[in-house]
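Thank you for making time for this today. I would like to walk through some strand pairings, and then through the empty spaces, in the model that I am putting on the screen now.

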Amino acid sequence: MKKYEKVRREDYEAWYRDNRDYRERVRADESRLAYHLMPETGWLNDPNGLCQFQGLYHIYYQYTPFEPTGEIKLWGHYTTRDFIHYKQEEPALFPDQDLDAHGVYSGSAYVEDKTIHYFYTGNVKLFDRDDYDYIMSGRVSNTIHVTSRDGYHFSAKELVMNHKDYPADMSCHIRDPKVLKKGEYYYMVLGARDALSKGMVLVYRSMDLTNWEYFNRITTEQTFGYMWECPDLFCLDGRLCLVCCPQGVEPMGTEYQNVHQCTVFCLDYDFRENTIRLNSQFPGMVDRGFDFYAPQTFLDEQGRRILIGWMGIPDAEYTNPTVKAGWQHALTMPRLLHMREGRLLQQPLEEMKELRRDRRDYDFWELGKGVETGLVFEACLSMESCSDMCLTIRDDVTLSYEDGLLTLDMGTSGSGRTRRSVLLEQLTDLRIFSDTTSLEIFVNEGLEVFTTRVYGDRPGMRIKGKCCGTVSVYELSGFIYE
């Protein structure tokens with residue numbers, strides 16, 4: 001397919017018929033993951049439109065089926081009822097209108113009155129303009145609304161906002177709508193970059209999900225990055241949280257080490273008086289690994305706040321060898337969110353335990369001699385005491401703890417990924433999920449998390465240092481696809 005050309009459903013269907021060999025080549029790649037959602041071919045990035053509707057979970061995502069570098073974006077679509085059995089559905093939304101001709105970009109879902117309301121950014125790039133400028137005049141960001149009564153069939157695309165509706169001091173970078181309701185009003189947050197390259201979130205208000213008025217903006221007093229992508233404003237255990245992805249933040253010690261960040265603010269927002277107070281100038285990090293970005297949360301029908309993230313990151317210097325096989329990236333496992341003493345707590349959904357097989361228990365003395373694992377496993381380590389530790393996870397990938405610093409070192413298995421760290425008062429437990437080419441490591445009951453792709457192929461765990469405790473190791477089965 002050509003870059004920056006409209007893609008209609010019939011174009012995709014014709015391409016799909018002609019590219020069976022491509023699908024088979026990707027399917028045969030040994031780097032394919034066992035229990036993470038991936039693109040059938042090509043590129044995957046941001047999760048979009050996450051919701052549960054009439055018992056069925058809908059997981060949409062940024063999708064480029066045609067090649068693995070993400071040139072033109074559709075919305076791909078998976079469904080599940082239990083987070084174990086999945087069905088890959090046909091792509092849901094295509095860049096087939098003048099409003100979104102260069103990409104159906106990120107957006108969200110809001111469920112009400114037996115209807116799913118979707119909002120997304122329709123991207124139009126203005127390469128043909130004489131005054132083309134990437135920041136100020138290089139694109140049109142259209143906020144588009146569609147509805148569905150089943151998650152498969154969609155209404156006509158409705159433009160609800162474009163640049164004439166955005167504040168005059170903004171650049172052309174405004175995107176990624178997410179909606180919540182407080183009282184009688186709906187509120188929409190949009191990631192934004194102003195004309196002075198200060199990152200922020202714009203807040204709009206509506207009474208009918210169609211007519212929106214500018215309401216306020218959320219930002220720090222001092223500039224904290226030039227663009228805040230993928231904002232998500234939600235209530236969690238009595239606290240109002242803003243998760244967003246600031247770009248252009250300089251590293252601060254062990255903080256903000258990736259090229260772009262994913263952060264969480266706690267804030268006080270009086271919606272009636274329209275006053276906002278951030279509880280910190282510097283937000284916490286949602287994940288400390290190399291491959292985590294653009295997460296989205298939603299409430300399911302049990303009232304759980306669930307997060308799914310993109311297991312990737314834009315503009316990274318490191319690579320994914322899977323590109324050679326014709327595909328790239330995946331989604332994280334679904335995570336249950338809570339707040340604990342003002343901090344975000346992330347834990348794998350309880351459903352993930354259904355993947356467990358063949359439990360084996362060891363104490364750290366046995367683990368010190370080394371234990372065999374496959375590449376696909378879960379390990380739960382409980383520390384009775386730990387002053388220093390070096391845990392080998394596979395090949396030359398280690399997780400070490402010394403002088404209060406926990407460090408993930410990827411060695412040569414990181415394909416350019418090096419090391420990431422976090423300061424801890426103490427290390428009490430680790431829950432490690434290893435897939436064929438990924439690691440998700442939950443620290444101290446999920447108060448810290450490291451997510452990364454990894455490409456070593458020699459499994460096995462070993463521990464050394466001044467620590468004692470126990471570990472349970474489970475082999476894990478994979479997702480089941482219809």
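Let me begin with one pair of residues: Leu307 stands opposite Arg335 in E22. Before going on, I should say that this is a predicted model, in which local features need pLDDT of at least 70 and side-chain atom pairs count only at pLDDT 80 or more, while totals for chains, interfaces and linings use all residues. Residues are numbered from 1 along each chain as its sequence is written, and side-chain values use heavy atoms, with hydrogens and water left out.

The pair belongs to strand E19 (residues 305-311) and strand E22 (residues 335-340), which run antiparallel and are joined by 2 bridges. Strands here are DSSP runs of E with at least two residues, numbered from the N terminus, and two strands pair if DSSP finds at least two bridges between them. E22 is also joined, by 6 bridges and again in the antiparallel sense, to strand E23 (residues 343-348), where Arg343 stands opposite Arg340. Which residue in the turn between E22 and E23 has a positive phi? It is Glu341, with a phi of about 50°, in a hairpin that has 2 residues between its strands.

Further along the chain, strand E25 (residues 377-394) and strand E26 (residues 397-402) run antiparallel with 6 bridges between them, and they form a hairpin with 2 residues between the strands, where Asp395 in the turn has a positive phi of about 45°. E26 pairs in the antiparallel sense with strand E27 (residues 405-409) over 5 bridges, and this hairpin, too, has 2 residues between its strands, with Asp403 in the turn at a positive phi of about 50°. Leu399 of E26 is a useful residue to follow on the screen, since it stands opposite Leu391 and has Leu408 as its bridge partner in E27.

For one side-chain contact, please look at Arg431, which is placed in strand E29 (residues 429-435). Arg431 counts as buried because its relative accessibility is 17%, where buried means under 20% relative accessible area, exposed over 50% and partly exposed in between, with a 1.4 Å probe and protein chains only. Its side chain is joined to that of Glu378 by a polar contact of 2.8 Å; a polar contact is a pair of N or O atoms within 3.5 Å, where, within protein, one must be able to donate a hydrogen and the other to accept it, and residues adjacent in sequence count only if both atoms are side-chain atoms.

There is also an open sheet of 4 strands, in the order E5-E6-E7-E8, with antiparallel pairing. Its edge strands, each pairing on one side only, are E5 (104-112) and E8 (158-161). Within this sheet, E6 (residues 115-125) and E7 (residues 139-148) pair over 10 bridges, and Val124 stands opposite Val140 in E7.

I turn now to the empty spaces. They were found on a 1 Å grid over the protein atoms alone: a cavity is a set of points where a 1.4 Å probe fits but cannot get out, a pocket is an open set with protein on both sides within 12 Å along at least five of seven lines, and lining residues have an atom within 4 Å of a point. Grid points are joined across faces, edges and corners, and a volume is the space filled by probe spheres set on the points.

The largest pocket has a volume of about 850 Å³, and of its 39 lining residues the closest to its centre are Trp43, Asn45, Lys73, Pro314 and Asp315. The second largest pocket holds about 380 Å³, and E9 gives the most to its lining, with 5 residues.

How many cavities of 30 Å³ or more does the structure hold? There are 4, and the largest has about 90 Å³ of space. Its lining has 14 residues, with Gly107, Asp176, Cys230, Pro231 and Gln296 nearest its centre. The second largest cavity, at about 60 Å³, is lined by residues including Tyr35, Phe83, Met333 and Phe479. By class, that lining has 10 nonpolar, 2 polar and no charged residues, where Ala, Val, Leu, Ile, Met, Phe, Trp, Tyr, Cys and Pro count as nonpolar, Asp, Glu, Lys and Arg as charged, and the others, Gly among them, as polar.
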